[in-house]
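Here is an informal walk through one structure, going from single residues up to the whole chain. Keep the viewer open as you read.

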Amino acid sequence: MSIKLRDLIRNIRSCKTAAEERSVVAKECALIRTAFKEEDNIYRHRNVAKLLFINMLGYPTHFGQIECLKLIASNKFSFKRIGYLGLTILLDENTDILMLVTNSIKNDLRNSNQYINGLALCALGNIANSEMCSSLRYEILDMMNINNPYIKKKAAMCAIRILKKTNDIEELFLEKINNLLDDRNHGVLSAGISLMITLMEKKPQYKNILRGYTNKIVKILKSCVMSGYTHGAEYDIYGINDPFLQVKILKLLKYLNSDHVNNNENEKNTNYMNNMNNMNNMNNKNDEDNKTMCNINYEGATRSFSNTKSFNEQNDILDDTSLSSREKLINNKQPYSINDNMNKFNSMNIIHMDSMNNNIYDMEEVNSVLAQVATNTDSLKNVGNAILYECVKTITYISTDPGLLVLAVNVLGKFLQNNDNNIRYVGLCTLQKLLKKDPKTLHIYRNTIIECLKDQDISIRKKALDVAFALITKDSLKIMVKELLNYLLVADIEIKSDIVSNICVSVNKYAPNVQYLLDTYIKLFCLAGNFIQDHIKDDFIYYLLQNPEFHSYVVFKIFFSIKENLDQYALIQVGIWCIGEFGDLLIQGKNVGPDEELITVTHEDVFDLLDKIIIKYEQNHVKELHNINVKDPIHNILYNNKSLNMLEETLNNNNNNINGNNIITSNNNNNNNGLNNALICCNINDNMNNDDNNIILQYILMCLNKLTVRFPSHKSKIEKMIQKYKKNKCIEIQQRACEFHEFMNPQWDQIRDSILLRIPCNKKMNRKKQQQQQQQQQQQQQNDDEEEPIYSDKNTDTLINKMFKITRK
């Protein structure tokens, strides 16, 4: 005899091992199979219930699918309940035998018991495939006309399933929207709103028709907001009347009013209504002429619809009312005749005309109800915050009222002051979207956003950083950059590079003058010199070369900044370049300090600073973080491995296996040393054969070479400093030292000044500047062609020949 479900659960839970559990399940499944073979099985519903529990444990139960269909066909409600439950759990929409239950569901939909109707509707709404939806769509339409809210809301949800699984039947459900929205039951209202959203998602052109229901939707939302506990006790959640319905209505308002109606679309809808009126006029003729006249009207309607692009996919009505479709309905014994189809046209015409007449709605009513939601909703509870969040999103999308936007910003300000990190994060995300619509209003919460940068949650810090950069405008540039520079001192290493890049972008775009731009760059070099990318240094040099009047100011400021920040790589790199390029201005120029004292720099001060830099980097006291890429530290490793593989292939092709292996091994060792010496990944491509300090030493050698022209009286001292590196272990430094030392010979005295002239303006320009100066460049090209070059061909030839002689020696 079959045991009860309760006993089976007790036996399985008492198992101590997985093998024991499998044994119990296998034994019970064998008994269930044997029981299913009996024709008159009074315990079939009990066995199916046990199979559902076994299926929850993960064991196969496909042999019970047919038994579910037998239970559904039973007349007892308890059997049907287990059968439909097993149908939704043991089967899915791709199961082949699912079509066998279509007739049983149809019979249950026509049953007088509302609970049996509910079982059939739940099953249809969960697992119905396209064939079942096509077969049962008219039954669902009939169920949506029933006044029982229990049936109507389930039928509306089934309609959503039918819309998703079938095509070109949307018009059948448009006429039911009005009836659903007139119901006072919140479940029916929620189902109707979900149906409207599904229609718009399926075909956006229905938005213009559904927009006519905006006034009704606004009244429903207003009643939810303004009604007290006594009127909405059934739907009350923490003192708020049906928050689920409110959120869904707000979302629907956002979808309906996000796009404005085009005049062309209105004209198309008018043509569509005229065609429908013509069809209704034909319905007043005699029954004998119905077929002929309908065919004429349908052909005319088809031609008019083909010219209407916004309704070119709504031909299911025409198909259903064509002669071939009517023949199919007669063969399938459908209870709908020609007059029924014409009645369908009549009802749809009335509804579409009503929606067209009501399409002109008052946007002030929408703004008013949104203001009521934002004002009257309690923000101390999570339920209220959910409604306020959706309300702010709706205001952001559809409203242009400045007062309403300010109200939305105030709601987001409360979100930012909330103790819950999730609510604060949501507030920051919504603020970022609202910035595009009203950037000026959000500046009142600038300090609150800055405080979020100090939050313990990394996700809030990153999002607050994005919002802070979005807040930067021409008016707020100085304040925001000051706060971001302060935050740069305590920011995480992973985001410092992003902060620097974004500050540079903002300064380049909104800087009030060149001095502020250059000062900000220098501050970045001092605070985050190890996180500066190459293009930022290039931009700084470009702006400096473009403004000669700031050469003396910048070289003085960088000179004294280096003394206090020897560990900032980018500052050292740019500073050495500036000293070599503008060293004479550093000595000759005179600047006034903050105490109005005259600041002078001597030649010895310059050489002392260079010596400090050399000592610092020669002893490897500071790890070089050149071209740091914090975002993707693995990128450089992969890139270098790829270059090494290419080198290996080249050496193998040249049949130099032994030497090639040695080179590859040495390169790999150098790369491994670089990775071990720096915790943060560096650009090893620039240093494949060098230590971390070699690039700085190369910059110093070039600086000393330029200073031979800038400081002619100290040429001998510069020569001694360069001579020390002629025996350096790095080949690159050794070669440069030999070339520069040879270049100091008297034979180069005549052309040395010409070779070491100051670098002209960088050719790299921003796109905007290129567009602005494009015409000037075209005019200057003709003048430049007529001018003589700085270096003559003779001097160039002698220079090249002499350089070749040096390399040969």
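Asp-242 lies in the loop that runs between strand 2 and helix 15 (243-257). In this predicted model, its phi is near 45°, a positive value in a residue other than glycine. Most residues other than glycine have a negative phi. Is Asp-242 buried or exposed? At 9% relative accessibility, Asp-242 counts as buried, since the cut-off for buried is under 20%.

Now go back a little to Tyr-238, in the loop between strand 1 (236-237) and strand 2 (240-241). Phi is positive for Tyr-238 too, near 55°. Its surroundings are another matter: with 61% relative accessibility, Tyr-238 counts as exposed, because that label applies over 50%. Here are the two residues with their values:

| Residue | Phi | Relative accessibility |
|---|---|---|
| Tyr-238 | near 55° | 61%, exposed |
| Asp-242 | near 45° | 9%, buried |

On to the aromatics. How many aromatic pairs does a search of the whole structure find? The search turns up eleven. One of them joins Tyr-521 and Tyr-543, with 6.4 Å centre to centre and 50° between the planes, so the pair is tilted. Tyr-521 belongs to helix 29 (residues 514-528) and Tyr-543 to helix 30 (residues 534-546), so the pair ties together parts that are 22 residues apart in sequence. Both tyrosines, Tyr-521 and Tyr-543, are buried. They also belong to a cluster linked by ring pairs, together with Phe-525, Phe-540 and Tyr-542.

Helix 30 deserves a look of its own. Its 13 residues should span 18 Å at 1.5 Å a residue, and the end C-alpha atoms are 19 Å apart, which agrees. The buried residues of helix 30 include the aromatics Phe-540, Tyr-542 and Tyr-543. Lys-537 and Asp-539 are on that buried list as well, along with Ile-536, Ile-541, Leu-544 and Leu-545.

Some rings have a charge for company. The charged end of Arg-33 sits over the ring of Phe-63, 4.3 Å from the ring centre. Elsewhere, Arg-752 lies over the face of Phe-743, and here the distance to the ring centre is 5.6 Å.

Another arginine to click on is Arg-161, placed in helix 9 (residues 149-165). Arg-161 has 15% relative accessibility and so counts as buried. What is Arg-161 in contact with, leaving aside its neighbours within four places in sequence? The partners are Glu-93, Cys-133 and the run of Leu-124, Gly-125, Asn-126, Ile-127 and Ala-128.

Next, helix 32 (residues 569-588). Its 20 residues reach 27 Å from the first C-alpha to the last, close to the 28 Å expected at 1.5 Å a residue. There is also a kink of about 80° in helix 32, centred on Phe-582. As for its surroundings, 17 of the 20 residues of helix 32 are buried, so this helix is largely enclosed by the rest of the structure.

Finally, zoom out to the whole chain. The secondary structure comes to 41 helices and four strands. Of the 809 residues in the chain, 47% are buried. Among contacts with a separation of 6 or more, 71% come from residues 24 or more positions apart. The chain exposes about 42,500 Å², and carbon and sulfur atoms supply 48% of that area.

Methods: Residues are numbered from 1 along each chain as its sequence is written. This is a predicted model: local features need pLDDT of at least 70, side-chain atom pairs count only at pLDDT 80 or more; totals for chains, interfaces and linings use all residues. Side-chain values use heavy atoms; hydrogens and water are left out. Helices (H or I, at least four residues) and strands (E, at least two) are DSSP runs, numbered from the N terminus. The expected span of a helix is 1.5 Å times one less than its number of residues. The bend at a residue is the angle between axes fitted to the seven residues ending there and the seven starting there. Buried means under 20% relative accessible area, exposed over 50%, partly exposed in between (1.4 Å probe, protein chains only). Contact means heavy atoms within 4.5 Å. Accessible areas come from the Shrake-Rupley method with a 1.4 Å probe; for residues, only the protein chains shown count as cover. Rings of Phe, Tyr and Trp (its six-membered ring) pair if their centres lie within 6.5 Å; planes under 30 degrees apart count as stacked, over 60 as edge-to-face and the rest as tilted. A charge sits over a ring if NZ of Lys or CZ of Arg is within 6 Å of the ring centre and within 35 degrees of the ring normal.
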